[in-house]
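Here is a short set of exercises to work through with the model open beside you. Try each task on your own before you read the solution.

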Amino acid sequence: MNLLRITWFACVLMLASAVAEAQTNVRVRGTITAFDGKVLAVQSRDGKDLKLQLTDSTTVAAAKAITLADLKPGDYVGSTAVKNAGGALVAREVHAIARTVPEGHTPWETEPGASMTNANIVSVVKSAGGDELTLEYKGGSQKILVPDGTPIVNFIPADKSLLVPGATIFTGASVAADGKITTGRVAVSKDGVKPPQ
């Protein structure tokens, strides 16, 4: 009996592992072409037509423009940046993020040489042409130049009524082995403010 239980448990673990391996994570950036309440049709930035499955628990967040003055030391943010000729990181955008998003400094796929830094704000200091943002995460820190005019965005709770053709979205989604794409959270544009990343 014990052997049967052990065998059954091992089979369950193997099945769970196979399911986990069968799913991959993707980031989707694009423009909504249609939404029927369950399936969100999106044309991605690279021209692909994608169908995203939304669930009853999928949440929607609307992009809202803010300024660096609205952020304070200790706030948790993400920033996409690219190094300039002098080797300094220059922000493409800065956005507030939830504490559940893993911290760190990693490569980002939006353009060659791009990085994403998810970290706590240590300080914001005025510099020529903008501000210098110091971000600190476990195991390191980064100084990022934020030129005047750089998009700075927060996200506010919203609902699926904003998921209309022409709106811009960003989402992290899971792709199953059969190609089905499912997302639990969609960031969407509002009043002309687009979700960065």
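**Exercise 1. Which residues is Glu 93 in contact with, leaving aside its neighbours within four places in sequence?**

Step 1. Keep in mind that you are looking at a predicted model. Find Glu 93 in strand S5, which covers residues 89-96.

Step 2. List the contacts: Gly 78, Ser 79, Thr 80, Met 116, Thr 150, Pro 151, Pro 196 and Gln 197. One of them, Gly 78, is 15 residues from Glu 93 in sequence, and the two C-alpha atoms are 8.4 Å apart in space.

Step 3. Look at the polar contacts of the Glu 93 side chain. The side chain of Thr 80 is one partner, at 2.5 Å. The side chain of His 95 is another, at 2.7 Å.

Step 4. Decide between buried and exposed. Glu 93 has 4% relative accessibility, so it counts as buried, given that buried means under 20%.

**Exercise 2. Work out the surroundings of Thr 134.**

Step 1. Locate Thr 134 in strand S8, residues 130-137.

Step 2. Check the relative accessible area: it is 11%, and therefore Thr 134 is buried.

Step 3. Collect the contacts beyond four places in sequence. Thr 134 meets Asn 120, Ile 121, Val 122 and Ser 123, and also Gln 142 and Lys 143.

Step 4. Pick out a side-chain polar contact: Thr 134 and Lys 143 make one at 3.2 Å.

**Exercise 3. Trace the pairing from S1 to S3, then place Leu 54.**

Step 1. Start with S1 (residues 24-35) and S2 (residues 39-44), which run antiparallel and are joined by 5 bridges. Within this pair, Gly 30 has Ser 44 as its bridge partner.

Step 2. Look at the turn. The hairpin of S1 and S2 has 3 residues between the strands, and Gly 37 there takes a positive phi near 100°.

Step 3. Move on to S2 and S3, an antiparallel pair with 5 bridges. Here Leu 40 is bridged to Leu 52 in S3. Their hairpin has 4 residues between the strands, with Gly 47 in the turn at a positive phi of about 90°.

Step 4. Now find Leu 54, also in S3. With 5% relative accessibility, Leu 54 counts as buried. Not counting residues up to four places away, Leu 54 touches Phe 35, Lys 38, Leu 40, Lys 160, Leu 163 and Thr 183.

Step 5. Link Leu 54 back to the first turn: Gly 37 is 17 residues away in sequence, at 7.9 Å from C-alpha to C-alpha.

**Exercise 4. Find the strands that pair with S12, and state the sense of each pairing.**

Step 1. Take S3 (residues 49-65): 7 bridges join it to S12 (residues 181-188), and the two run parallel. Ala 62 stands opposite Val 188.

Step 2. Take S11 (residues 168-175), which pairs with S12 in the antiparallel sense over 5 bridges. Val 188 is the bridge partner of Ile 169.

Step 3. Inspect the hairpin of S11 and S12, with 5 residues between the strands; Gly 179 has a positive phi near 90°.

**Exercise 5. Judge how far to trust the coordinates.**

Step 1. Read the overall confidence: the mean pLDDT is 89, and 89% of residues reach 70 or more.

Step 2. Turn to residues 1-21, where the pLDDT is below 50 and the stretch has 0 contacts beyond near neighbours in sequence.

Step 3. Apply the general rule: predicted coordinates should not be read in detail where pLDDT is low.

Note on methods:
Residues are numbered from 1 along each chain as its sequence is written. This is a predicted model: local features need pLDDT of at least 70, side-chain atom pairs count only at pLDDT 80 or more; totals for chains, interfaces and linings use all residues. Side-chain values use heavy atoms; hydrogens and water are left out. Buried means under 20% relative accessible area, exposed over 50%, partly exposed in between (1.4 Å probe, protein chains only). Contact means heavy atoms within 4.5 Å. A polar contact is a pair of N or O atoms within 3.5 Å; within protein, one must be able to donate a hydrogen and the other to accept it, and residues adjacent in sequence count only if both atoms are side-chain atoms. Two strands pair if DSSP finds at least two bridges between them. pLDDT is the predictor's confidence in each residue, from 0 to 100.
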